[in-house]
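Me: Could you take a close look at one part of this model for me, the enclosed space and what lies around it? I'd enjoy a connected walk through it.

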Amino acid sequence: MSPTRKFVASGLFGIALGFAVLALASYVAVRAEFQRRTAGAWLRHTIHVQSDLYQLYGLLQAAESGQRGFIITQDERYLDACAEAVRKLPVVVDRLSESVRDDPKQLEAIAEMRPLLGARVEIIDEAIADMRALRVDKAVQLVKSGRGKALMDRLHAIINTMTENEQNLSEKRERELHAAGGEFDAAVWALGGIIFTLAAFSFLNAQKQMNALQRSRDSLKTAYDQLIGETTRREALESQLRQSQKLEALGHLTGGIAHDFNNMLGVIVASLHLLRRKLADSNGDYVQLIDSAMDGADRAAAMVRRLLAFSRRQPLSPRPLDPNKFVSAVSDMVRRALGEKIELETVLAGGLWTTKVDQHELESAIVNLAVNARDAMPNGGKLTIETANCFLDDAYATENMEVTPGQYVMIAVTDTGQGMPPEVLSQAFDPFFTTKPTGKGTGLGLSQVHGFVKQSGGHVKIYSEPERGTCIKLYLPRFNHVEAPAEAPLPRSRPLELPLGRPEELVLIVEDDDTARRVTAQGVRELGYSVVEAENGREAIDIIRRRADIALMVTDVVMPDMDGARLAREAVFRRHSLRVLFITGYTRNAIVHNGVLDKDVKLLTKPFTLEQLAVKMREILDSR
Ligand SMILES: Nc1ncnc2c1ncn2[C@@H]1O[C@H](COP(=O)(O)OP(=O)(O)OP(=O)(O)O)[C@@H](O)[C@H]1O
Ligand SMILES: [Mg+2]
């Protein structure tokens with residue numbers, strides 16, 4: 001059952017149980033109230049019966065003392081009270097027998113009492129009649145005979161027994177009421193217990209459901225993040241695909257035209273040469289005209305060569321090449337092209353592999369890059385040319401179209417110039433795309449570099465930050481002198497053996513480029529770390545201020561407003577224990593030598609594999 005359904009089901013169960021408890025409570029309360037009322041009614045009944053019994057006894061005594069008073073004093077007034085008592089006697093007896101009609105024992109007593117009462121009244125009447133007939137002796141004799149007293153004693157005994165009976169009944173009912181009260185108390189306690197248990201159960205259940213909800217929300221969020229990551233990656237790949245299809249189509253078009261145009265130019269140039277030789281001795285004006293025509297044709301031929309280079313149709317003569325020797329050899333030419341305002345630095349890797357390319361074309365590619373860099377640094381700056389061995393892995397190949405995973409030699413050209421905004425970056429390789437004024441640039445420089453590197457089986461990547469600079473990396477395939485057997489490939493990333501992180505290790509990722517940030521964040525999450533993201537330095541500082549548990553900050557070096565170095569300084573000032581890993585598209589040397597970062601910082605240069613990232617992060621976190 002899904003957590004939501006479980007939650008609803010347990011809620012319904014709770015409500016049903018609640019209603020059942022309420023119904024039970026109501027039943028117990030109503031029953032107790034009913035018993036209380038019944039007991040009250042019985043108590044009143046007992047009081048009535050007892051008071052009637054007292055009254056009965058009182059009436060008997062009143063009749064008797066009225067009779068005695070009359071006999072002693074012959075005063076008729078005594079007879080009034082006597083007559084009144086005798087008249088009321090049957091009324092009280094009837095009321096009594098009505099009151100105790102449910103009690104056979106009491107009814108029996110009343111039945112016994114009735115003839116005795118009648119006999120007693122007869123004796124009184126007889127004595128009064130004797131007195132009236134002036135038979136005083138007889139009347140006194142009657143009184144003295146003790147018949148009246150015997151009747152009275154018997155009646156008294158019956159009345160006492162009835163009173164006792166009633167008293168016993170009343171006590172019995174009181175005991176029953178008390179027992180009912182006990183039941184009520186027990187029920188209340190039981191109810192209290194049930195309510196408490198129910199509340200505890202509901203609380204625990206709700207907590208369990210909340211945890212389940214939280215877990216499903218977390219997994220939803222992870223799935224969502226993965227989806228977003230995947231979508232972003234797809235969008236990036238689609239855009240790369242469009243770009244490469246566009247370049248492909250343009251290549252076909254320009255390649256076809258350039259090829260024919262080249263043939264025609266060949267004819268024109270050859271004809272001009274012939275003409276020039278034939279007119280060598282004639283008018284200098286003609287020769288000048290032919291020379292300028294030839295100059296134009298040469299420029300056109302140069303452009304056609306670049307177009308052919310872009311369309312990957314130029315004839316290449318690849319030869320094994322040591323990139324370090326090559327860079328040393330071209331650096332003089334590059335220095336001349338850069339002029340005096342720009343400093344040139346070359347950083348050559350030891351143990352560099354060889355590659356196999358057309359040296360002449362590589363030369364013009366490097367010169368093209370150098371000239372672009374010079375144009376981007378009108379007020380001077382620094383150009384770094386660097387070489388390194390590189391392994392482009394499966395992950396990098398998935399992120400970048402047309403890349404075959406494998407070993408490459410990298411030549412990177414980095415400047416400290418104005419950089420490229422995204423809209424320029426996305427078109428930089430397009431033929432004839434230029435931001436330079438008419439007559440200054442043809443827009444074929446990067447097209448040529450791209451076409452040539454692709455034709456050589458390599459890969460080009462541009463990292464650029466507006467106002468900061470640009471780094472262009474050329475990846476040329478490694479050339480193995482011994483063709484077979486092939487060298488054992490470098491170990492691929494093995495996700496299961498990666499040095500992983502723990503969820504309690506929180507990593508803050510700071511990167512202004514949304515796609516790059518998402519991709520890095522996804523990678524770090526896959527390694528098992530928890531991740532928070534920040535778009536810029538300010539946001540990162542805000543997060544650091546709020547959260548004390550950030551173990552590592554992974555930050556881009558070049559960002560608008562606040563760069564990685566400043567961010568790291570401010571962050572570490574706030575949290576001394578915070579570790580920092582810098583990431584950059586530039587090469588390490590370009591970044592460090594240009595004074596952007598200190599020498600001993602932890603830096604990872606793009607492109608990096610997940611394994612490299614994993615190893616670097618663990619190394620930093622474990623070096624505490
Ligand atoms: N290092 C760089 N820094 C900043 N922007 C650059 C850099 N390299 C190239 N660009 C941008 O890319 C555009 C295209 O460059 P590309 O080399 O293809 O042509 P171009 O330099 O304009 O002309 P051409 O090379 O034919 O003289 C440039 O106009 C410029 O806007
Ligand atoms: Mg150029």
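Reply: Happy to, and let's start with the character of the walls: the lining of the largest cavity is made up of four nonpolar, two polar and two charged residues. Please keep in mind that this is a predicted model. The residues in question are Ile509, Val510, Glu511, Thr520, Val554, Thr555, Asp556 and Ile583. Strand E10 gives the largest share of that lining, with three residues, and E8 and E10 each supply at least two. As for volume, the largest cavity comes to about 50 Å³, and the count of cavities of 30 Å³ or more is one.

Two of the lining residues, Ile509 and Glu511, lead us to arginine 517, since both are among the residues that arginine 517 contacts beyond its neighbours within four places in sequence. The other contacts of that kind are Asp512, Glu533, Ala534 and Glu535. Arginine 517 sits in helix H12, which covers residues 514-526. Is this arginine buried or exposed? Its relative accessibility is 8%, so arginine 517 counts as buried, the cut-off being under 20%. Its side chain also has a polar partner: a contact of 3.2 Å links arginine 517 to the side chain of glutamate 533.

The strands of the cavity lining turn up again around helix H13. Strand E8 (506-510) and strand E10 (550-556) are among the elements that cover the buried residues of H13, and so are strand E9 (530-534) and helix H14 (564-574). H13 itself spans residues 537-546, and its buried residues are Gly537, Ala540, Ile541, Ile543 and Ile544. Looking down the axis of H13, these buried residues fall within an arc of 160°, so they line one face of the helix. A general point of geometry helps here: with 3.6 residues a turn, an α-helix has residues three or four places apart pointing the same way. On the face of H13 turned away from the buried side you will find the exposed residues Arg545 and Arg546. At the start of H13, a side-chain oxygen of asparagine 536 comes to within 3.3 Å of the backbone nitrogen of arginine 538.

To pull the part together: E8 and E10 each give at least two residues to the cavity lining, and both strands also help to cover the buried residues of H13. Arginine 517, for its part, is in contact with Ile509 and Glu511, which are both lining residues of the largest cavity.

Conventions:
Residues are numbered from 1 along each chain as its sequence is written. Chains are lettered from A and ligands numbered from 1 in the order in which they are written. This is a predicted model: local features need pLDDT of at least 70, side-chain atom pairs count only at pLDDT 80 or more; totals for chains, interfaces and linings use all residues. Side-chain values use heavy atoms; hydrogens and water are left out. Buried means under 20% relative accessible area, exposed over 50%, partly exposed in between (1.4 Å probe, protein chains only). Helices (H or I, at least four residues) and strands (E, at least two) are DSSP runs, numbered from the N terminus. The arc is that of the directions from the helix axis to the C-beta atoms. Contact means heavy atoms within 4.5 Å. A polar contact is a pair of N or O atoms within 3.5 Å; within protein, one must be able to donate a hydrogen and the other to accept it, and residues adjacent in sequence count only if both atoms are side-chain atoms. On a 1 Å grid over the protein atoms alone, a cavity is a set of points where a 1.4 Å probe fits but cannot get out, and a pocket is an open set with protein on both sides within 12 Å along at least five of seven lines; lining residues have an atom within 4 Å of a point. Grid points are joined across faces, edges and corners, and a volume is the space filled by probe spheres set on the points. Ala, Val, Leu, Ile, Met, Phe, Trp, Tyr, Cys and Pro count as nonpolar, Asp, Glu, Lys and Arg as charged, and the others, Gly among them, as polar.
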